[in-house]
Amino acid sequence: MNNKLKIGWFSFSCSEDSTIIFTELLNDYYLEWRNLIDFRSMLILQKKSNPVDLDVAFIEGAITSKSQEKKLLTIRNNAKKLVAVGSCAVIGMPSSQRNTFQKDLKGEINNVLITFDYTQNVKKVADIVRVDDTVAGCPMNEAQFLELINRYFKEFGIK
Ligand code: SF4
């Protein structure tokens with residue numbers, strides 16, 4: 001039986017508001033969660049990052065470059081469960097709105113894509129890797145997140 005749920009939290013192209021919601025949740029749950037969660041990778045809490053052998057990887061944001069796709073694949077290979085968190089990760093929008101631009105507008109942003117090595121189209125997380133669960137909302141729905149993490153505590157034998 002695990003002592004703690006090993007989690008990582010990773011933000012890709014987005015406004016990181018679901019990260020802020022998670023931080024707000026810590027105001028209420030940190031004293032409980034510090035005994036239940038091993039925060040292996042979470043830049044808002046700590047610089048050290050050890051994203052291997054994760055029970056759950058939470059992914060926020062849409063995927064906008066080949067290097068992000070590669071990183072996401074590495075995370076997938078190191079996590080038993082992968083959760084897309086928030087609308088940008090789950091359906092791509094609103095981060096993927098440039099996918100809907102007409103030809104002339106696409107031409108106008110092309111230099112930006114080249115400069116920052118962005119892909120022509122923005123992808124949702126499920127376009128790249130298998131997603132086990134999702135948390136909807138923009139930013140994420142707190143109640144759904146709490147329901148999910150409590151399910152994982154049970155599923156991984158933490159409590
Ligand atoms: S889902 Fe909404 S809140 Fe979350 S990163 Fe995207 S735009 Fe921001």
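Here is a short chat about the ligand shell, an annotated domain and two valines in this predicted model.

Biologist: Hi! Which residues are around the ligand?
Modeller: Happy to list them: C14, S15, E16, D17, S18, S87, C88, P94, C138 and P139.

Biologist: Nice. Which elements give two or more residues to that shell?
Modeller: Those are helix 1, running over 17-33, and helix 3, at 87-91.

Biologist: And how does the shell divide into nonpolar, polar and charged?
Modeller: The shell around the ligand has 5 nonpolar residues, 3 polar ones and 2 charged ones.

Biologist: Switching topic: what does UniProt place at residues 35-150?
Modeller: An unreviewed UniProt entry puts the feature "domain: NADH:ubiquinone oxidoreductase-like 20kDa subunit" there.

Biologist: How much helix and strand is there over 35-150?
Modeller: That stretch is 34% helix and 28% strand. Its end C-alpha atoms sit 14 Å apart.

Biologist: Cool. What about the surface, which residues make the nonpolar patch?
Modeller: V112, F116 and Y118 make it, and the patch covers about 290 Å². Of these, V112 belongs to helix 4, residues 103-115.

Biologist: Why is V112 called partly exposed?
Modeller: Because its relative accessible area is 41%, and partly exposed covers the range between under 20% and over 50%.

Biologist: Now V83, is that one buried or exposed?
Modeller: V83 is buried, because its relative accessible area is 0%, and under 20% counts as buried. V83 lies in strand 5, residues 79-85.

Biologist: How far is V83 from V56 in sequence and in space?
Modeller: They are 27 residues apart along the sequence, while their C-alpha atoms are 7.3 Å apart.

Conventions: Residues numbered from 1 in each chain as written. Predicted model: local features only at pLDDT ≥ 70, side-chain atom pairs only at ≥ 80, totals over all residues. Heavy atoms only, no water. Near = heavy atom within 4 Å. Helix = DSSP H or I, 4+ residues; strand = E, 2+ residues; numbered from the N terminus. Nonpolar A, V, L, I, M, F, W, Y, C, P; charged D, E, K, R; others polar. UniProt positions renumbered as here; feature names shortened; annotations may be inferred. Patch = residues over 30% accessible without salt bridge, like charges linked within 9 Å, V, L, I, M, F, W, Y side chains within 5 Å. Areas by Shrake-Rupley, 256 points an atom, 1.4 Å probe, with all protein chains shown as cover. Salt bridge = Lys/Arg side-chain N within 4 Å of Asp/Glu carboxyl O. Buried < 20%, exposed > 50% of the residue type's maximum accessible area, 1.4 Å probe, protein only.
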